[in-house]
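Below are my notes on the model you sent, set out as numbered points.

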Amino acid sequence: MTTTDNASHPASLAVEEREPEERMASASRSEVAPQGQMRGEGALLAVSSLSKTFVLHLREGARLPVVSGAAFELYPGECVALGGPSGAGKSSLLKMIYGNYRVDAGAILVRDGDETVDVASAAPRRLIRLRAGTIGYVSQFLRVIPRVSALDVVAEPLVGDGVPREEATRRAADLLARLNLPERLWGLPPATFSGGEQQRVNIARGLIAFRPLLLMDEPTASLDAANRAVVIGLIEEKKRAGVGILGIFHDAEVREAVCGRVIDVTEFGRQMA
Amino acid sequence: MTTATLGGMPAITYNFAYLDEQTKRMIRRAILKAIAVPGYQVPFAAREMPMPYGWGTGGVQVTAAVLGPDDVLKVIDQGADDTTNAVAIRGFFEKTAGVATTTATTEATVIQTRHRIPETPLRDDQILVYQVPIPEPLRFLEPRETETRQMHALEEYGLMHVKLYEDIARHGHIATTYAYPVEVAGRYVMDPSPIPKFDNPKMDDCPALQLFGAGREKRIYAIPPHTRVRSLDFEDHPFEVQRFAQPCALCAARGVYLDEVILDDRGGRMFVCSDTDYCESRQAAGHRGEMAPPDAALPQPVSPRGEDATRVSDDASSDLSASARGRPAGAGAGAGTGAGTGAGGTEAGHD
Amino acid sequence: MTEQPLLIAETLGKNYGARIGCRDVALEVYPGEVLAVVGESGSGKSTLLGLLSTELEPSAGRVSYRLRDGSLRDLATLGAAERRLLMRTDWGFVRQNPADGLRMAVSAGGNVGERLMAVGRRHYGDIRTEALDWLGRVEIAADRIDDDPRSFSGGMRQRLQIARNLVTRPRLVFMDEPTGGLDVSVQARLLDLVRSLVSEMGLAVIIVTHDLAVARLLSHRMVVMRQGRVIETGLTDQVLDDPREPYTQLLVSSVLAA
């Protein structure tokens with residue numbers, strides 16, 4: 001998928017007709033979605049019976065359960081928060097959906113155009129393709145690439161989509177300006193930036209290209225009020241464009257501003273028990 | 001068997017042309033293979049010869065293998081018949097094979113050469129034997145013999161052009177002036193031995209058989225008569241031979257390869273034919289260069305052609321002395337600046 | 001994105017007498033994909049690279065490669081001429097020691113131009129123009145074109161080696177510890193360069209490295225080797241962030257955080 005113009009994406013038209021809440025009500029929490037088929041009609045993401053335990057071989061094979069029996073769905077145009085105390089497995093869950101952590105059991109079905117991909121069992125190359133066009137991930141920290149300027153870091157996903165470099169750079173500049181990153185920093189590699197500056201670069205990189213499914217891990221943790229407001233605005237735009245967002249938002253102000261519902265991660269463990 | 005006599009007593013007895021028959025047969029087999037695969041370096045079991053490596057041991061073995069009792073042998077070194085190397089090799093075969101020798105290109109049936117091809121066009125009843133120091137044209141770029149053999153086998157000659165590229169990059173033109181690589185019969189790239197590139201075109205479609213012998217490296221290769229020989233080049237830097245601004249100072253020949261001869265230590269110099277036989281023939285026919293001696297002072301040809309062919313080496317050194325042929329003493333080809341390298345001395349004449 | 005693999009290794013093994021170089025390796029590399037082979041010294045990763053690039057002859061198994069005409073060929077059935085042509089046109093090999101991959105006595109321009117001349121290019125001006133373009137792409141100043149690599153720094157030599165390999169626009173490049181022995185800052189520059197060239201040219205790369213940071217930065221997928229076997233494979237970030245095998249966990253936990 002290489003759609004580059006958010007406003008013109010067909011998904012944005014389809015979504016505005018219905019309120020997210022309505023669709024949410026119609027989608028009951030599923031136990032198991034049949035392989036290769038979305039249970040709720042129109043869901044972007046359907047997680048079912050998802051379990052994961054870390055085995056620490058360096059500590060005599062100690063077992064560290066992370067998630068068990070996780071099940072939920074996400075629809076276009078909605079922003080859903082993962083809730084629960086730290087250590088409940090929220091970040092791990094996001095990473096599993098992104099394919100960064102492997103899955104012991106269960107399914108993570110993601111709609112990719114006309115296809116449905118189970119992240120839990122997909123071949124690595126399928127995951128790469130899924131990430132290239134469908135799933136965006138805004139991590140908590142920027143993984144810095146040596147020598148690459150902030151502007152290029154941000155523009156890169158667009159360039160990967162096939163947008164001409166000049167246009168990609170222009171759009172990256174617009175976005176960094178909007179996030180109040182001082183222009184003198186644009187040409188520098190972000191390695192030496194402050195936490196807040198790095199996070200804004202990271203957000204810009206995560207949001208610049210259109211990805212129908214967006215995963216956000218505390219995108220506003222190190223931001224001041226003004227920049228939090230900018231991020232809220234950006235998330236709202238994504239929602240209007242039909243993007244489904246699943247995120248971890250510790251900041252209550254942000255969470256309440258953008259999230260239609262909260263999925264309590266601690267529930268999953270209890271259901272299994 | 002020939003017998004050289006010393007004070008009337010039978011002295012040393014040699015097999016015809018020094019080498020034993022088995023060895024000559026082995027060399028002839030290598031030569032036949034070389035002719036069958038033009039430009040391909042055929043390994044052969046080179047023998048120790050009674051002369052040091054670098055003095056033409058490879059050429060001498062090839063000559064010994066092709067020489068018959070009726071052959072007339074000419075030996076040149078840098079184009080001259082009268083340099084030490086040429087005189088010694090000519091003497092060697094007079095002594096060991098008893099063959100007739102000559103300095104006249106037209107009279108010779110076998111010509112062994114170091115670093116030149118005669119100016120007089122060769123005929124199909126002649127064999128030209130080259131002395132080769134380093135037969136592998138890729139050697140200076142690729143030191144591994146296993147690898148260069150592969151490259152020949154697979155016709156991977158890009159590296160040869162790297163050498164020419166380096167020339168142009170450093171000098172603005174292909175500065176290789178001798179041992180200039182050629183492609184033989186559209187297949188093998190070959191080192192033509194350190195002849196000036198001026199002579200390269202003479203190898204192409206030549207009616208004479210051309211044989212190359214490398215004694216130290218134990219390789220023989222060949223260009224059969226009338227074979228296509230192409231000098232490597234670039235489309236935008238085509239192969240060109242040296243051109244000389246003035247004619248030969250002695251015989252006024254143009255379009256021939258000239259040696260620079262230093263006359264004194266005040267910068268005096270002259271350019272004369274590197275091919276001494278060619279130069280003398282022209283002088284004998286009345287051609288005069290600007291520094292040619294006056295007619296009266298011109299020596300008669302050392303001896304009538306034909307008689308000359310039977311001379312033995314002892315006489316040759318005096319009869320063929322440089323001064324006797326209208327050249328300044330000691331100013332033979334070998335005395336030209338750097339002529340020993342085969343090309344250095346010739347660059348002065350390059351425009 | 002093409003879904004047909006460019007290179008396929010099946011049950012690939014190499015014994016050095018009784019010692020096992022590598023055993024039972026199966027992997028696929030797709031066009032435009034960077035595959036990292038990681039492991040400690042002696043894990044068999046260099047042997048594997050040798051086998052994949054046909055520099056070593058396998059004791060077992062085979063390597064197949066999709067030629068430009070689309071046909072998949074067992075590399076063992078290619079003649080020497082075909083294989084060597086492949087190696088200097090469709091493949092590249094960037095070696096750890098630039099002296100092994102460059103002609104140290106030949107100018108930078110000649111080093112880059114060699115492959116062009118090897119495929120029959122005979123126009124000096126064109127060859128030089130292309131060499132200059134490539135020197136620029138690997139950030140070597142144009143006025144160094146006639147200098148030989150002996151006068152270059154380690155990083156420059158390595159960049160020159162890359163240019164020399166990429167000038168024929170290969171589809172697959174083998175890299176053996178390309179940043180080994182370089183200063184950290186020089187490494188970063190080289191990695192950045194490789195990264196951008198790989199994505200611009202859509203190169204497939206098989207890179208052997210013991211440096212997990214290099215693997216993370218450059219590769220899409222990763223193969224972890226130990227004692228001659230592949231013990232873990234997956235997406236690079238998956239293997240590094242959620243390693244499964246005890247050995248991989250040890251490897252990942254042994255990296256010093258900067």
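The points take up the contact of two chains, then a cysteine pair, then one helix.

1. This is a predicted model, in which local features need pLDDT of at least 70 and side-chain atom pairs count only at pLDDT 80 or more, while totals for chains, interfaces and linings use all residues. Residues are numbered from 1 along each chain as its sequence is written, chains are lettered from A and ligands numbered from 1 in the order in which they are written, and side-chain values use heavy atoms, with hydrogens and water left out.

2. Chain A gives 24 residues and chain C gives 30 residues to their contact (heavy atoms within 4.5 Å). The area buried between chain A and chain C is about 2400 Å², with 50% of it from carbon and sulfur atoms; buried area here is the accessible area (1.4 Å probe) that two parts lose on being put together, summed over both. On the side of chain A, the residues that lose the most area to chain C are A:Arg102, A:Arg125 and A:Arg147, together 35% of what that side buries.

3. Eight salt bridges are counted between chain A and chain C, each a side-chain nitrogen of Lys or Arg within 4 Å of a carboxyl oxygen of Asp or Glu. One of the salt bridges joins the side chains of A:Arg147 and C:Glu139, at 3.4 Å from N to O. Strand E1 (45–56) and helix H4 (124–133) are the elements of chain A that give two or more residues to the side touching chain C, where helices (H or I, at least four residues) and strands (E, at least two) are DSSP runs numbered from the N terminus. The largest share of that side, six residues, comes from H4(A).

4. Why is A:Cys259 not bonded to A:Cys79? The sulfur of A:Cys259 lies 3.7 Å from that of A:Cys79, its closest cysteine sulfur, which is too far for a bond, and a disulfide is taken as a pair of cysteine sulfur atoms within 2.5 Å. The whole structure has zero disulfides over all chains. A:Cys79 counts as buried at 2% relative accessibility, as does A:Cys259 at 14% (buried means under 20% relative accessible area, with a 1.4 Å probe and protein chains only).

5. In helix H5 (residues 150–161) of chain A, the buried residues include A:Leu151, A:Val154, A:Leu158 and A:Asp161. Their cover includes H4, helix H6 (165–178) and helix H7 (195–207) of chain A. Just after H5(A), A:Gly162 adopts a positive phi of about 100°.

Key
Buried means under 20% relative accessible area, exposed over 50%, partly exposed in between (1.4 Å probe, protein chains only).
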